[in-house]
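Work through the exercises below with the sequence and the model open. Each task is followed by a solution in steps.

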Amino acid sequence: MNFLDLIWLIPLFPLAGAAVMLLIGRRLDPQGASHVALAPGLAPDEGHGQGHHGHAFASTRRLIAFFSPGAVLLSFLFSMAAVIQLSSLEKRSHEVILYTWISGLPFHTATGALATFTADWGFLLDPLSSVMILVITGIGFLIHVYATGYMAHDGGYYRFFGYLNLFVFFMLTLVLANNYALLFAGWEGVGLCSYLLIGFYFHKKSASDAANKAFIVNRVGDAGFLIGMFLLLSLTGTLRFTQMNETLASGALTAETAGFGALSLATLCLFAGATGKSAQLPLYVWLPDAMEGPTPVSALIHAATMVTAGVYMVARSHALYALTPETSAIVMGTGAVTAILAASIALVQNDIKRVLAYSTVSQLGYMFMAAGAGAYWVAVFHLYTHAFFKALLFLGSGSVIHAMSGEQDMRRMGALKDRIPTTFRTMFAGSVAIAGIPGLAGFFSKDEILWQVFSAPGGSMAVYAVGLITAALTAFYMWRLMFMTFYGEPRMDEATARRIHESPVSMTLPLIVLAAGSVLAGWIGAPKLWSFLPDSFRAFEHWLLPVFTHGTAQAASEAGHAAAHHDTGLEWALMGLSVAIAIGGILFARSLYGKRWTVDPIESLTGPLHKPLLNKWYVDEIYNYLFVEGLAKGGGRLLGVFDRHIVDGGVNGSGWLTRLVSRASIWWDTWIIDGAIRVSALLAHIASFPMRLAQTGQVQTYATVFLLGVALFLGWRWFA
Amino acid sequence: MNPLSLALWTPLACLVVLLAIPASQKTAIKVWANAAALLGAAAMLPLLAGFDKSNGGFQFVERAPWAPSLGVQYYIGVDGISLLLMALTAVTAVVATLSSWNAIEDRVKQYYAMLLLLQVGMLGVFASLDFILFYVFWELVLVPMYFLIGVWGGPRKLYAAIKFFLYTLTGSVLMLLGILTLFFQHWTQFGTPTFEIDALLRLAMPFWMQQWVFWALFIGFAIKVPMFPFHTWLPDAHTEAPTAGSVILAAVLLKMGTYGFLRFSLPLLPEASIDRTIVQVLVGLSITGILYGALVCLMQKDWKRLVAYSSVSHLGFCTLGIFSLNPNGIAGSVIQQLNHGISTGMLFLVVGVMYERRHTREISEYGGLAHRMPLFATVFAFAVLSSAGLPLLNGFVGEFTILQGAFEANRFSAALAVVGVILGAAYLLWLYQRTTLGQITNMKNNLLPDLSLRELVVFAPFIVWAFSIGLYSKPYFEMIERPVARIVERVRPGYFQDRSQAPALAELAPPAAPATRREAGGSR
């Protein structure tokens, strides 16, 4: 079977799953409606975690629990088969175009050439997208399995899995798309699913607020993405990746090393889109709020897959970024600042999921550092390892919250180590991995990023320093989380303490698999420095690097690399430094939280900074004041008044004026025009008075006058 | 009989039959009215089936003298643009008629008679190729709409109806002046009186006269669209009209304005249409409309008024596309005119569904509707997403194409218009949140029934259509490709030539082509 020609089927399995869930799921899940149809006034189940006594659920739900992850598993298997077939191709790239999705009309490009505005419904499988689809379907499947247990007590089970499957469909469309427009369709689609899933508990205002915020903030980035797309279209005349890369390879566009030109603007606009989806400065604010969604959603969408879409998009546009060093520097700088800013906020947060959310923002910053430095494969490598350990940490935190009857505040946890041992052990592995302890996944990718930022031609010492400090902060906040949650004294209330229990197998099994991944996944991307390892330990680099090889820029980078690689002593030293810093961070966390404490030691440690840190540097407040209250609501209110009184005032005013004129005309008509006539009539009336005396119309009068006249006449004749 | 004439007069024939039914037979009247709407839609099928996409000219042409001494003819025909709008009219009529089943219980016979008369007028506007015939249909539309608002409308119906009537009439009178100028020009230049569009195309008019005629027609069309600042009749008319009236108003009536620009202003007055000042004013007004309408939406307390203002914003995109004066801008505009009919039509139906249940349009009266009305919440979500331009639904295709066209014409104005896309999502999602999500706070919302089967059927055509355009827009583009190219070729001769061939020439002397681009574009 030729799976390569059937890659368009990969997204369709989860779509079919979503369709079944959303169309007939209600019938499969009779309990589903109960959540929705709660009588008002009766407080509905506030989120997750009320009364977990036993884990039995309706047998029809088993069908959903079987069907929905099954669809994703099918996609995973299909993806595996396709990727295996791809690896045997000479040219590792396969494009399948189903039909023309948008068939626009001709337009003129910037050079005046005539091009046609079209977008295919087409897919491209190459090493880059193959990594993405395996991560999405593989990790996605595990999270689906986990969710079957985690959501067992929630209403709207079918709705949840419908949305989750729909998300996988859009995400696969995003990474498999062969052009920017279809990528954008997937991009918006995952945004929609994110909206639906953040707002899954839609009866909670905080949830629907967070959902709105996520969608609208993302839309700001999308606006940039759209403009970037139009600029690219104007510069290259196409949106299809393969065609665009051909155009670029032919040297039609020159590298903008001297100044900031149209191409730099285009890549910057695309990156603006990435800052929205991948939660970077200045648009990261939606991601922490997105934790209102159920925890599997946080793991799948807001840690492992969707938020990495921006990184993927930048990597996909590598040929463009290679030509625009200034934008690349901006990408790297944004990544660095975001990484350290988010890590600093994570230091003091008390909500277990918020710590992880800010950690995700920070880790995404690392990926952009690598991408900005030109080391795209390293960015994707970190994306891949991060997917394992961050999904694990989120799911682990979900298991903790599950055990804690919904409690998310780490100040009321503690000593869970022996109560939920599997969760503890797996999360332990994840925390070691993210901290960067050698041998675990996070170490390989993070260390490679730091090395690239240090050594690559596009790198920078300052950014390297920021990356190093962030690594220390990361180790610290992750172990602060671990110590607060699992070690020390229990700080929860009695009732909660009594109910603590390990999660069911459906939840712990994915944890174990992901923990294994967090430990082992990095070994396919071992550093070149470890020359004692055979080359197969660097398979990831070999698989991906050809995608990003393009023209002279790459050659230069390779050359620089080669030069740097001579100094292995320095590289060993830097590696040692980052490992030392990671261990230092962990030990410092232990020294603060390993002992008995009542007031969070971080408060005295950070001193006056604690409050701004806890309040996330007031970024939300500032944005809210400026954009929501100021621009949107203020502007809307102002224009509303303007519309009613000025614009419509003009219309009603002209109506009023017309009536005024008409009234005046009536007056004029009555008193002047008609008046003149009536006056003349009156005059005639008066003037005719004597005449009228004669003209009475009475025959007798006429006869009398006649007789009188005759008498007078005769009399006159008589006397004359 | 010519299939176009058949499609045009079917509703009138149905109206005659309707008049024969006694007014007391309400059910019979309703059944017949719905059958008539379906017949009207069925009459579109021969047109769609027989339509030749490769022909850029008018098809199904029929001609008969009407007032020969003045050159007035019964002269009809369609191209892809008008046929799409006629199809939209027919589908909207079906939806609007069915949606009125329970909403209208008073003067039922007159109501459905008005709907049918309205349909004749709207179809006639899109089918006319004679300017006077067009004008007659254009004015004919006013009358039934006036009565629909004035008789079956909301509390301020009289104010709204009179405002609607007078405002649009003012515009039409100015438009008539423009038409007459063209007529007399033709008489002077060729010695024959005619109102035929193809004949008027031959006119050679001095630029100043083109400009005057342009502005005269502009007033007529801009009020109908409505473009900022001529839009204030719209919120009142929409808010007070019965649901079916609002749906038809939004879906079809507004398109008469944009259609007017495409059919008359651009081809008949090409030099004025491409004049730098005129383009700048029109693009400026379009962008103002997009942003202004969206911002005003954010602060509306009245559900229906919000949807009405969203129309101002969306129609801003349509006019922006037209005055990008390039193929993608215009094609996108036509697609978006269709899309706006679908998505805003749905949004008005949504309001209608709730108004029928609660008799209030205040957003604050609602909240948590998804608990009791999950089907309604789903349908409403589709309407919102379609209107917000989410890919795979219809709105995206239109907006995307318009923005591409606008971007080609002027990058800066396109960038401003994109802001409208952000605001669009904001006001729609916020509306959705306040009405549908959250807890049920008002006990009156607690016992509401979900959508009935009839209501679902009302929404179905629009939802299906939204997906079909969103997933596979090619047939629509193919239909309008040639007519759009004709308009562009008329306004900007030589547009469809590759200009990269002669770069050396371009450097020697600033040639016509780039100058034209600058003219159309304004500042970069």
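**Exercise 1. Prolines in a loop**

In which loop of chain B does B:Pro229 lie? Find the state of the peptide bond before this proline, and do likewise for B:Pro226.

Solution. The model is predicted.
- Step 1: B:Pro229 is found in the loop between helix 9 and helix 10 of chain B.
- Step 2: The bond from B:Phe228 to B:Pro229 is cis, and its omega is near 0°.
- Step 3: B:Pro226 lies in the loop between helix 9 (207-224) and helix 10 (233-240) of chain B.
- Step 4: The bond from B:Val225 to B:Pro226 is cis, with omega near -15°.

**Exercise 2. Two hairpins**

Describe how strand 1 and strand 2 pair in chain B and in chain A.

Solution.
- Step 1: In chain B, strand 1 (residues 59-67) pairs with strand 2 in the antiparallel sense, over six bridges.
- Step 2: For the register, take B:Glu62, which stands opposite B:Ile76 of strand 2 of chain B.
- Step 3: Four residues lie between the two strands in this hairpin of chain B, and B:Gly71 has a positive phi near 75°.
- Step 4: Is strand 2 (residues 72-78) of chain B enclosed, and why? Six of its seven residues are buried, so the strand is largely enclosed by the rest of the structure.
- Step 5: In chain A, strand 1 (residues 94-108) and strand 2 (residues 114-125) run antiparallel and are joined by eleven bridges.
- Step 6: A:Ile97 stands opposite A:Gly122 in strand 2 of chain A.
- Step 7: The hairpin of chain A has five residues between the strands, and A:Gly112 takes a positive phi near 95°.

**Exercise 3. Helix 14 of chain B and its partners**

Determine how helix 14 of chain B packs against helix 11 and against helix 13 of chain B.

Solution.
- Step 1: The axes of helix 11 (residues 243-268) and helix 14 (residues 303-322) of chain B come within 11 Å and cross at roughly 25°.
- Step 2: Angles under 35 degrees count as roughly parallel, and helix 11 and helix 14 of chain B are therefore roughly parallel to each other.
- Step 3: Helix 11 of chain B passes helix 14 of chain B in a right-handed crossing.
- Step 4: Among the residues in contact are B:Leu254 and B:Phe261 of helix 11 of chain B, and B:Leu315 and B:Thr319 of helix 14 of chain B. The residues of this contact of helix 11 with helix 14 of chain B are seven nonpolar, three polar and no charged.
- Step 5: Helix 13 and helix 14 of chain B pack at about 155°, with their axes 7 Å apart. Helix 13 of chain B is therefore roughly antiparallel to helix 14 of chain B.
- Step 6: The crossing of helix 13 and helix 14 of chain B is left-handed.
- Step 7: The residues that make this contact include B:Ile290 and B:Gly293 of helix 13 of chain B, and B:Leu315 and B:Thr319 of helix 14 of chain B. By class, the contact of helix 13 with helix 14 of chain B has 13 nonpolar, seven polar and no charged residues.

**Exercise 4. Helix 4 and helix 15 of chain B**

State how helix 4 and helix 15 of chain B are arranged.

Solution.
- Step 1: Helix 4 (residues 80-99) and helix 15 of chain B pack at about 10°, their axes 10 Å apart.
- Step 2: Helix 4 and helix 15 of chain B are therefore roughly parallel to each other.
- Step 3: The contact includes B:Leu88 and B:Val95 of helix 4 of chain B, and B:Gly341, B:Gly345 and B:Gly352 of helix 15 of chain B.
- Step 4: The residues of the contact of helix 4 with helix 15 of chain B divide into eight nonpolar, six polar and no charged.

**Exercise 5. The contact between the chains**

How many residues does each chain give to the contact, and which helix of chain B supplies the largest share of the side that touches chain A?

Solution.
- Step 1: Chain B gives 52 residues and chain A gives 48 residues.
- Step 2: Helices of chain B that each supply at least two residues of the side touching chain A include helix 13 (276-298), helix 15 (327-358) and helix 21 (474-491).
- Step 3: Helix 19 of chain B supplies the largest share of that side, eleven residues.
- Step 4: The residues of the side of chain B that touches chain A are 34 nonpolar, 13 polar and five charged.

**Exercise 6. Positive phi in chain A**

Are A:Ala279 and A:Ser405 buried or exposed?

Solution.
- Step 1: A:Ala279 is not a glycine, yet has a positive phi of about 50°. A:Ala279 lies in the loop between helix 9 (262-277) and helix 10 (286-289) of chain A.
- Step 2: A residue is buried if 20 or more other C-beta atoms lie within 10 Å of its own. A:Ala279 has 31 other C-beta atoms within 10 Å, so A:Ala279 is buried.
- Step 3: A:Ser405, in the loop between helix 16 (376-403) and helix 17 (421-435) of chain A, has a positive phi near 55°.
- Step 4: A:Ser405 has 20 C-beta neighbours inside 10 Å and therefore counts as buried.

Definitions and conventions:
Residues are numbered from 1 along each chain as its sequence is written. Chains are lettered from A and ligands numbered from 1 in the order in which they are written. This is a predicted model: local features need pLDDT of at least 70, side-chain atom pairs count only at pLDDT 80 or more; totals for chains, interfaces and linings use all residues. A residue is buried if 20 or more other C-beta atoms lie within 10 Å of its own, exposed if 12 or fewer, and partly exposed in between; C-beta atoms are placed from the backbone. Two strands pair if DSSP finds at least two bridges between them. Axes are lines fitted to C-alpha atoms, for helices over the stretch in contact, and angles run from 0 to 180 degrees between N-to-C directions. Angles under 35 degrees count as roughly parallel, over 145 as roughly antiparallel, 65 to 115 as roughly perpendicular and the rest as oblique. A crossing is left-handed if the near helix is turned anticlockwise from the far one by less than a right angle, and right-handed if clockwise. Two residues are in contact if their C-beta atoms, placed from the backbone, lie within 7 Å. Ala, Val, Leu, Ile, Met, Phe, Trp, Tyr, Cys and Pro count as nonpolar, Asp, Glu, Lys and Arg as charged, and the others, Gly among them, as polar.
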